[in-house]
Amino acid sequence: MVDNDGAGLRIGPYDWRYPTLRRGYNPRWTADPAYIRLVATPQEAVRALEIAVNEADTATGGNRRSRITVRSGGHCYEDFVSSPDVRVIIDVSLMNGIYWDAHRQAVCVEAGASNWDIGEKLTKKLGLLMPGGSCPTVGVGGHITGGGFGLFSRQHGLTVDYLDAVEVAVVRRRSPAGRLEVDLVTASCQDTGELRELWWAHTGGGGGNFGMVTRFWFKDLPQAPSGALRVEAGWKWADMDYASFKRLVDNFGGFFRDHQDDDRYGPLFGILLLTPRTSDQIGLIAQIDATLPEARQRLTEFVRALDHGVGADLDHRSQAHGEHPVLTGSKDPVHVDISELTAVPLLANDQAGKYKSAYMRTPLPEHHVRAVWEALTNPPEAVRDATVQIDSYGGAINRRDAADTAVAQRDSVVKLQYQVYWPSGGDPAPRLKWIRELYRAVYGDAEGRPGVPVPDATTDGCYISYPDADLSDPEWNRSEVPWSALYYKEHYPRLRQVKRTWDPFNVFRHRQSVEP
């Protein structure tokens, strides 16, 4: 139904849209909210939030559902947006404009825009590139606030490295009558004091922590290239032994350690997709800006260096892995138009999933490689769709000082994402057991401790945009380092101060939100 209260569309349990809107992209997580709000303007967002924070859950007497959550694209890996304790979901996906703001002299991106919108409106129409992710349905509201990382990040840095200002609906005061009041504030990097701290917190402090973001502004975004040269290759598992596997992983990590930030290979991005042995191939995706001098030669040199000494034959990529569909399927460089790169087709949303992450300051040590090998070559029957994905890091990302933004990891060479999938409605238990035990084996000692990538000379914690609730569970995090330090390191006390200032009532909270 449409309310006449200026708060957007109100979708209740009897609306045919409710079953779809009460869950996120991952079918593992579902909420049973009193209603869902669809807002299309910052003013509607403010009004929707103001109504929500001042009402009780009459359906349950307020005993069960207490949280108000905000959804942009719905791709949160955990139950931070959709879970049984959610009373109201405010969905900002109708607020998806992207345009040049003459007043601020910056590009405005509304918080409900998706990566597909970025490709269609920012890249194709304005000719600019946002160096973030490629999954088309991911919403920028969560993607940007987590840092924003993608296939052009080694060349141009993280998305937040270009963030000039952010508009946020915040709940920080009560009226004399006792009602919570909502303010719409704009915080920029030019501000000082509390406003600048609010801007800084949105440069990697994660979504759903300080307020409801409605708009972002960006300055000095790079020009979009006409396209990229892209390789998609694979090594057959049938030809792979441990020596070959280790050589491949060593080659990948060593290359990006040795070419962290140089003129020739700095712009090159690579993804190594380590799959279970039940798959046909271990996969590779690599690309480079096609407009760079000798781009084809640089990409070819990288593939040759990666394949050196592996022994297994390198072939064309034949199958999708994880969240990466086959785009070119060619082991030889293929020119891909920028419009194709910014709208990569997404696999069908019929899979539940669990994810973990780790930053690496060095190539993977031998015991990491051995643990991954053991898990991939001896998976349980239920684990068929899984990937240990190794992304290149460094380059322009590491040029920024860690204190410049809330992203604390600015000297890693690769970043890992552990993934396992199963059919919606299937039994998650064997898949969760497999990925948890793999993670513990990689980052644990002989006694199974600490079990997580504690920041040290080798590892550097975890990525907030790949949230993992196990980091808060003492059964799986056996270190003395809390989840907050794994995500935010030395930045966490500063983020807590921002939380105290801008969300003193802890309206915006979930299992791993910044603590007030």
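In which strand is the place of E167? E167 lies in strand β7, and the legends below describe this residue and its surroundings in a predicted model.

**Figure 1. Overall view of the protein chain in the predicted model.** The secondary structure of the protein chain amounts to 13 helices and 17 strands. Its radius of gyration is 22 Å, close to the 24 Å that the globule rule gives for 516 residues, so the chain is as compact as a globular protein of that length. Along the principal axes, the C-alpha atoms occupy a box of roughly 75 × 50 × 45 Å. Of the 516 residues, 60% count as buried. The protein chain exposes about 19000 Å², of which carbon and sulfur atoms supply 50%. Among contacts with a separation of 6 or more, 72% are made by residues 24 or more positions apart.

**Figure 2. The five-stranded open sheet, with strands in the order β5-β6-β9-β7-β8.** The pairing in this sheet is antiparallel. Strands β5 (98–101) and β8 (180–188) each have a single partner strand and stand at the edges, so one side of each is left without a neighbour in the sheet. From one strand to the next, the twist averages 25°. Strand β6 (residues 106–110) is joined to strand β9 (residues 212–218) by four bridges, and the two run antiparallel. Within β9, W217 is the residue that stands opposite C108. Helix α2 (residues 42–53) packs on the sheet and touches β7 (163–174), β8 and β9, its direction making about 140° with that of β8. Helix α6 (residues 193–201) lies across β7 and β8 and runs at about 80° to β8.

**Figure 3. Close-up of E167 in strand β7.** E167 has a relative accessibility of 5% and counts as buried, because the cut-off for that class is under 20%. The side chain of E167 makes a polar contact of 2.6 Å with the side chain of T214. A polar contact of 2.7 Å joins the side chain of E167 to that of R215. Neighbours within four places in sequence being left aside, E167 is in contact with P42, L184, V185, T186, M212, V213, T214, R215 and W217.

**Figure 4. The hairpin formed by β7 and β8.** These two strands pair in the antiparallel sense over nine bridges. R174 has L180, in β8, as its bridge partner. Five residues lie between the two strands of the hairpin, and G178 in the turn has a positive phi of about 95°.

**Figure 5. Close-up of S188 in strand β8.** With a relative accessibility of 5%, S188 counts as buried. The S188 side chain reaches the backbone nitrogen of Q190 at 3.1 Å. When residues up to four places away in sequence are not counted, S188 touches R104, D164, A165, R196 and W199.

**Figure 6. The four-stranded open sheet, with strands in the order β1-β2-β4-β3.** The pairing in this sheet is mixed. Strands β1 (9–11) and β3 (67–71) stand at the edges with a single partner strand each, so one side of each is left without a neighbour in the sheet. Neighbouring strands are turned by 20° against each other on average, direction ignored. Three bridges join β1 to strand β2 (residues 35–38), and these strands run antiparallel. R37 in β2 is the bridge partner of R10. Helix α2 lies across β2, β3 and β4 (86–91) and runs at about 160° to β2. Helix α2 also packs on the sheet of Figure 2, where it touches β7, β8 and β9.

**Figure 7. Helix α3 (residues 115–126) and its buried residues.** The buried residues in this helix are N115, D117, I118, G119, L122 and T123. An α-helix has 3.6 residues a turn, so residues three or four places apart point the same way. The buried residues of α3 pack against β5, β6, α4 (140–145) and α9 (338–341). Both β5 and β6 belong to the five-stranded open sheet of Figure 2. Just after α3, G127 takes a positive phi of about 70°.

Note on methods. Residues are numbered from 1 along each chain as its sequence is written. Side-chain values use heavy atoms; hydrogens and water are left out. Two strands pair if DSSP finds at least two bridges between them. Axes are lines fitted to C-alpha atoms, for helices over the stretch in contact, and angles run from 0 to 180 degrees between N-to-C directions. Contact means heavy atoms within 4.5 Å. Buried means under 20% relative accessible area, exposed over 50%, partly exposed in between (1.4 Å probe, protein chains only). A polar contact is a pair of N or O atoms within 3.5 Å; within protein, one must be able to donate a hydrogen and the other to accept it, and residues adjacent in sequence count only if both atoms are side-chain atoms. The radius of gyration is taken over C-alpha atoms; the globule rule is 2.2 Å times the number of residues to the power 0.38. Accessible areas come from the Shrake-Rupley method with a 1.4 Å probe; for residues, only the protein chains shown count as cover.
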